[in-house]
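Let's take a walk through a protein model together. Have the sequence and the 3D view open, and find each residue as we get to it.

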Amino acid sequence: MAVQQCQKRGTAVAAVPFARAARELELKPREFELAVQLGLVRTFTAGPGGRRRIAREEIDRHMGAPGFPETLRTRVWVVGTSEGAELMGISPARFGRLARAGCFAPVRFYVNRYRAVVWHYLATDLVDFADASPELLTGRTPAALRDALEEREDRRARGWRARRLDQLLALTDDPWERAAATASVLGPEQLADAVPDPYERARVSELRPELSAVRADTQLVRAVVERVTLATDPGEIAWYREQLTAALARARAACPVTGPEGRRVEAAVTEEPSALEEPSASEVRPAREARPEPEPAVGLRALWGRLRGRR
C-alpha cells in the first residue's frame with residue numbers, strides 16, 4: 001500500500017495510517033492506541049476531516065531506536081491490580097489503598113460484566129512511585145495517608161480524568177478545541193451554566209472529544225462510564241469551570257463565534273485560573289509510560305529490573 005503524501009505545516013510528508021503504523025511498530029491495537037495517547041508515537045492532522053496520521057519519519061525513529069520493539073512495548077505495558085501488586089512486591093490490599101489515595105493514576109479502564117470499573121495502570125508509573133516512595137510499600141500505612149483515605153473520596157477516576165485531559169490538550173493548539181477538551185469532563189448542566197451563549201455552546205459541543213472509548217451498550221453501563229468520565233465533586237467541577245472560562249476567553253479573542261445575525265460574543269477580561277487547586281495529571285501521578293502484557297516465560301520481578309533500567 002502506497003504511503004500517502006500529506007501537508008504538515010506547509011511541508012509535504014509521508015503519512016502512514018494508524019493500522020499500518022501499528023503493524024510496523026509491532027504493537028497490538030490497544031498498545032498502539034495507548035502509545036498515541038501518551039505522546040510516545042507522535043501524530044499530526046492531515047487531509048479532509050482532520051484525520052490523524054503518523055509521519056514516516058516517526059516510525060523510522062522508533063524502528064531505529066536501541067532495543068526496538070521491546071523498548072517501546074515496555075513503555076506501554078499496562079497492569080491490573082493483582083499484577084501491579086505483584087510487580088511492586090506488595091499485597092493487592094495495599095496496592096488498592098495507594099491507588100485510591102491517588103498515589104498513581106490509572107491510564108485506562110473498562111466496565112466488566114458486573115458493571116464494576118476495572119482499572120489499569122502503567123507499569124512504569126508503579127516503578128517510578130516505588131522508587132520515589134519506598135517507605136509506603138512496607139510496614140504500617142503512615143497516619144497521613146490513612147487520614148487522607150478516610151477523609152477523601154476514591155481518587156482513581158479523578159486522576160484518570162486529569163491524565164486524559166492532559167493527553168487531549170497536548171494534541172491541539174486550536175483554542176476552541178482546547179476549550180472543548182476542557183468541557184469534556186463537565187456534565188450537560190454544568191456545561192450549560194459555564195457556557196451560557198448557545199452559539200458558543202454549540203461550537204464547544206461540536207468539538208467536544210470522547211474521553212473514553214469504552215462501549216456503553218446499555219443505560220446502566222453508560223451511567224458507570226459517566227461516573228468515571230464526568231466530574232461530580234463540587235471542588236473539581238469548580239476547578240474545571242474556571243479552566244473552561246479562561247479557555248473560552250482565549251478562544252473568543254482568537255476567533256469569536258458569530259450568531260445568525262453576525263453577532264459576536266465579546267471576549268471577557270479574565271485572569272488566568274489560579275485560585276482553586278487541582279493537580280494536573282503529571283502531579284497526580286509520578287509517571288511516564290509503560291509496556292504490554294509480558295510473555296509468560298518472563299517473570300514480573302525480572303521485568304522490574306528492565307523497567308528501572310529503561311532510561
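What follows goes from the whole chain to its cores, then to aromatic rings, a helix pair and two single residues.

**The whole chain**

Keep in mind that this is a predicted model. The chain has 16 helices and 7 strands. Of its 311 residues, 46% count as buried. How do contacts spread along the sequence? Take the contacts between residues at least 6 apart: 72% of them join residues at least 24 apart.

**Two nonpolar cores**

The largest nonpolar core has 54 residues. Inside it, the residues with the most contacts are Met 88, Leu 98, Phe 104 and Leu 244. Which helix gives the most to this core? That is helix 14 (residues 234-254), which supplies 7 residues. There is also a second, separate core of 19 residues, and Leu 27, Ala 35, Leu 72 and Val 78 are among them.

**Helix 6 and its cover**

Now find helix 6, residues 92-100. Its buried residues are Arg 94, Phe 95, Gly 96, Leu 98 and Ala 99. What covers them? The cover includes helix 5 (81-88), strand 7 (117-122), helix 7 (123-132), helix 8 (143-151) and helix 9.

Leu 98 is worth a click. Leaving aside neighbours within four places in sequence, Leu 98 is in contact with Ile 90, Cys 103, Phe 104, Phe 129, Leu 136, Leu 137 and Leu 145.

Is Arg 97, also in helix 6, buried or partly exposed? Its relative accessible area is 28%, and buried would mean under 20%, so Arg 97 counts as partly exposed. Not counting residues up to four places away in sequence, Arg 97 touches Thr 141 and Leu 149. The C-alpha atoms of Arg 97 and Leu 145 are separated by 9.0 Å, although these residues are 48 apart along the chain. Just after helix 6 comes Gly 102, with a positive phi of about 85°.

**Aromatic rings**

Next, look for the rings. The count comes to 8 aromatic pairs. Here are two of them side by side.

| Pair | Centre to centre | Angle between planes | Kind |
|---|---|---|---|
| Phe 18 and Phe 32 | 5.4 Å | 75° | edge-to-face |
| Phe 109 and Trp 119 | 5.6 Å | 55° | tilted |

Why is the pair of Phe 18 and Phe 32 called edge-to-face? The planes of Phe 18 and Phe 32 are at 75°, and anything over 60 degrees counts as edge-to-face, so the pair earns that label. This pair links distant parts of the chain: Phe 18 sits in helix 1 (residues 18-24) and Phe 32 in helix 2 (residues 29-37), 14 residues apart. Phe 18 is partly exposed at 30% relative accessibility, whereas Phe 32 is buried at 4%.

The tilted pair also links distant parts of the chain, with Phe 109 in strand 6 (residues 108-111) and Trp 119 in strand 7, 10 residues apart. Phe 109 counts as buried at 4% relative accessibility, and Trp 119 counts as buried at 8%.

There is an aromatic cluster to find too, formed by Phe 95, Phe 104, Tyr 121 and Phe 129. You have met some of these names already: Phe 95 is a buried residue of helix 6, and Phe 104 and Phe 129 are in contact with Leu 98.

**Two helices that cross**

Two packed helices are described by the angle between their axes and the distance between the axes. Try that on helix 9 (residues 156-169) and helix 13 (residues 219-229): their axes come within 8 Å and cross at roughly 70°. That angle makes helix 9 roughly perpendicular to helix 13. Which residues make the contact? Helix 9 brings Ala 157, Trp 160 and Arg 161, while helix 13 brings Arg 227, Val 228 and Thr 229. By class, the contact has 3 nonpolar, 1 polar and 2 charged residues.

**Tyr 240, a last stop**

Finish in helix 14, where Tyr 240 lies. Tyr 240 is buried, with a relative accessible area of 1%. Which residues does Tyr 240 contact, leaving aside its neighbours within four places in sequence? They are Arg 161, Ala 162, Leu 165, Thr 182, Val 185, Leu 186 and Ala 231. Tyr 240 and Thr 182 are 58 residues apart in sequence, yet their C-alpha atoms are 6.9 Å apart in space. Arg 161 turns up in this list as well as in the contact of helix 9 with helix 13.

Conventions:
Residues are numbered from 1 along each chain as its sequence is written. This is a predicted model: local features need pLDDT of at least 70, side-chain atom pairs count only at pLDDT 80 or more; totals for chains, interfaces and linings use all residues. Side-chain values use heavy atoms; hydrogens and water are left out. Axes are lines fitted to C-alpha atoms, for helices over the stretch in contact, and angles run from 0 to 180 degrees between N-to-C directions. Helices (H or I, at least four residues) and strands (E, at least two) are DSSP runs, numbered from the N terminus. Angles under 35 degrees count as roughly parallel, over 145 as roughly antiparallel, 65 to 115 as roughly perpendicular and the rest as oblique. Contact means heavy atoms within 4.5 Å. Ala, Val, Leu, Ile, Met, Phe, Trp, Tyr, Cys and Pro count as nonpolar, Asp, Glu, Lys and Arg as charged, and the others, Gly among them, as polar. Buried means under 20% relative accessible area, exposed over 50%, partly exposed in between (1.4 Å probe, protein chains only). A nonpolar core is a set of buried Ala, Val, Leu, Ile, Met, Phe, Trp, Tyr and Cys residues joined through side-chain atoms within 4.5 Å. Rings of Phe, Tyr and Trp (its six-membered ring) pair if their centres lie within 6.5 Å; planes under 30 degrees apart count as stacked, over 60 as edge-to-face and the rest as tilted.
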